Each structure stands twice: as structure tokens, then as C-alpha cells.
Amino acid sequence: MALTPSPAPSLEPGRSLPETMRAASRRVYGSADEIEISVIARPEPGPGEVLVRVAAAALDRATLHLLEGKPYLARLALGLRRPRRTTLGQQVAGEVVALGSGVTGFAPGDAVFGTAAGSFAEFALARATTLAPRPAGISESTAASLGVSGLTAHQALVESGRVRPGQSVLVLGASGAVGTYAVQLATQLGAHVTGVCSAAKTDLVQALGARRTFDYRGTPLAQMGPGFDLIIDTAGNRPVRELRSALTPNGTLVIVGGEGGGPLLGGIERNLVAAIAGRFTSQRLGFLFSTPTTQRCTDLAQLIEAGTIEAPVDRVVGLSGLRAGIEAMQRGELRGHVIIRPTAD
Ligand SMILES: NC(=O)c1ccc[n+]([C@@H]2O[C@H](COP(=O)([O-])OP(=O)(O)OC[C@H]3O[C@@H](n4cnc5c(N)ncnc54)[C@H](OP(=O)(O)O)[C@@H]3O)[C@@H](O)[C@H]2O)c1
């Protein structure tokens, strides 16, 4: 008799999984007040998907954008009137517990990190192509913030910025989720880093490796340069011409993002300005949309394991601490990452 392959996901042998889980979600766009911690059905992995038992997840600015549905342009993808996806969270570190059909390279029990939609929950689904094995030398807390924040910093420095030893690198937003990785990675790659953040966090940024720091409220960009080989811009929404004036004639600008750019476009128009201006100058001007892949996660993990990079942690909370973490981020109070451990409360 011919055996038909089972369409059911490959579950971890010997351990049954609960049918439900605790998760953070919201039904409408709005503030952190809209977040509910409730018990919902555990998702099942479909083709190409991996079910991850979440050990740790991390907050970043994208969480706030998804929560608020801003800039409004993003609602074309997220849902015009209300969010199509109700669960929250993207970055993840955890353990593989089930595989959808067609997934190779992972097995139940593997420690992994990367991105998984809805990671502020006990279980989350990831596309296998956005996960990588977590090396034993990288803590869950650090791995939890690599999928977006770490990967963005790495992609900006290495792929877009082509950073080289001895170069001078300016990181705007150096105390933030992306910036804390950018400062550490650039330092490990042999660059001389100048970090820009609020005065209260210059000590943090120096401890991460920055040789010089500036308070964005006190020092104009023109007085920090000129002469940077590479600017990684994660904050401030400064005009492209102002950023260019701080670069060497052959320097590189990589725009990652920045808050305060207007409710409709959120400052994305700077990307267009950089792309056009870059065609008429010896400077390299560009922007970045971070795209997690297994290869990128693996490359980053190797670099981190070879050095001393760790995510500075402001707090570790359970799902019930998510709202307070988001509000602290909005007030600019965080000194490092907010790590969410779904089973901590
Ligand atoms: N393109 C992509 O793929 C991608 C990926 C990830 C993130 N992003 C975007 O990148 C930006 C940063 O994300 P994040 O998660 O790192 O945010 P974050 O954790 O909130 O960090 C923001 C940082 O900006 C600093 N800052 C605020 N105003 C500034 C100014 N005028 N000049 C210089 N620094 C200033 C803050 O310093 P203090 O806290 O000291 O005040 C903080 O260090 C966000 O807009 C996010 O949406 C884009």
C-alpha cells in the first residue's frame, strides 16, 4: 500500500504543544493603550514556515509604527482602516517546535533567532528564510534584538556603507535600537565612531565604543564634521544637503530612518532626494530597507560571536510590561533594548 505524506506540520517528538497561547494584540490603530494581553489560538505552521517557542523578543521603533499605523502611507500594506494583522512583535529568539512542509535546515529543538510576525507571544510563526541558528555564544537577549535592529545596522554598515578599517563613521541616533548595534559593529570592524544622541546617554554610547559623542540638542552637524567617510542616519530627519556637508567628497550616506518626518510620508521623501542627488555627485547617497535572510542573520551572528558585542538592555519584562516599555520609548527614556520574555508573567 502506498503511503501518502501527511500534510500536518512536523511536530517536536515527545512533547505536545498547547492549543492556545498568551499574546499581545490590538484590534485598531492607536496608542499602547490599545494593547491587550489575551489567550488566543496557537498558530500552525504552513508551507515554508517554522513555529518558534518564543524565549525572548525585542521592542523597536517599528513596533510603534505598526501600532499607530503611521506614517499613513504604510497603511497601504498594513490595512487601510484597521490592521490586518492584530498581533505585535517582529524580532525573535527562541526554539523551533514545529516545521511546515518544505522546510529544511531546521529541526525541532534548534535554538534560532531572526524575525517572526507576532513575536510578542508564547509562540510565533516565522518564514524559514528569515531565521538562522543561534550560536551558543550569543545570549537570548542579544539574539532577540538582532532580527531587525542588529541586521539593519549590519546591512547599513557593510552592504550599503562598505565600511573599512580606519574610516570615520558618524552614527546619528547612536543610543537607539539600531544605533547601539551600529556603534559596536563599526568599532569591531575597525572604524572610528562618532555617536550622536541626547546628553544623558553619551556615557552609554562611549561604553559601546564611540570615540567621540555629541548631544544633538547642543551641537549642529556642521560642527561635528566635516570629513566623515560614512554617515549612518537613524534619527533627526536632517535634510540630505546638511548630511552631505558633513561627508568627505567621496563619502557615503546611508539613510536608515528617523522620526518626526510628517504623518503621511514619515520622512521617506528624503530617500528620494538622496537617490536623485546621488546621481550628480562623487558622494554615494542612498537609503536602506532592511531585509532579513538566513544568510544575513548567519553573517551577523558570526561577527558578533567573534567579538564582544552585546545588546545593552534597559529592561526585561513579561508581556504585561510591553505597554510601559513602549511608553518609555516614546518619552526617550530607554538606555538600551526592551526585552520581552512572554513567560515572565
Ligand atoms: N530602513 C529600515 O529597514 C529600518 C529598520 C529599523 C529601523 N528603522 C528606522 O530607523 C529609526 C531608528 O530606529 P530605532 O529602533 O533605532 O529607534 P530608537 O531606538 O527610538 O532610537 C532613536 C535614536 O535617535 C536618537 N535621536 C532622537 N532625535 C535625534 C536627533 N535629532 N539627532 C540624532 N539622534 C536623535 C535617540 O537618542 P536619545 O534616546 O538619546 O534621545 C535614539 O538614540 C526609526 O525611524 C525606525 O523606524 C528603519
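Two strands are taken to pair if DSSP finds at least two bridges between them. In this predicted model, strand β4 (residues 49-58) and strand β5 (residues 91-99) meet that condition with eight bridges, and they run antiparallel. Within this pairing, R53 stands opposite E95 of β5.

Strand β5 also pairs with strand β6 (residues 111-115), again in the antiparallel sense, over five bridges. Here E95 comes up once more, as its bridge partner in β6 is A111. It is worth looking at the surroundings of β5 as well: eight of its nine residues are buried, leaving the strand mostly covered.

A parallel arrangement is found further along the chain, where five bridges join strand β12 (residues 228-233) to strand β13 (residues 247-255). One facing pair in this arrangement consists of D233 and I255, the latter in β13. Strand β13 is largely enclosed by the rest of the structure, because seven of its nine residues are buried.

Turning to the helices, the axes of α4 (residues 146-160) and α5 (residues 177-188) come within 8 Å and cross at roughly 50°. Helix α4 is therefore oblique to α5. The crossing in which α4 passes α5 is right-handed. On the α4 side, the contact is made by L146, S149, G150, T152, A153, H154 and L157, which meet A177, V178, Y181, A182, L185 and A186 of α5. By residue class, this contact comprises nine nonpolar and four polar residues, with no charged ones.

How values were computed
Residues numbered from 1 in each chain as written. Predicted model: local features only at pLDDT ≥ 70, side-chain atom pairs only at ≥ 80, totals over all residues. Heavy atoms only, no water. Axes fitted to C-alpha atoms, helices over the stretch in contact; angles between N-to-C directions. Helix = DSSP H or I, 4+ residues; strand = E, 2+ residues; numbered from the N terminus. Parallel < 35°, antiparallel > 145°, perpendicular 65-115°, else oblique. Left-handed = near helix turned anticlockwise from the far one by under 90°. Contact = heavy atoms within 4.5 Å. Nonpolar A, V, L, I, M, F, W, Y, C, P; charged D, E, K, R; others polar. Buried < 20%, exposed > 50% of the residue type's maximum accessible area, 1.4 Å probe, protein only.
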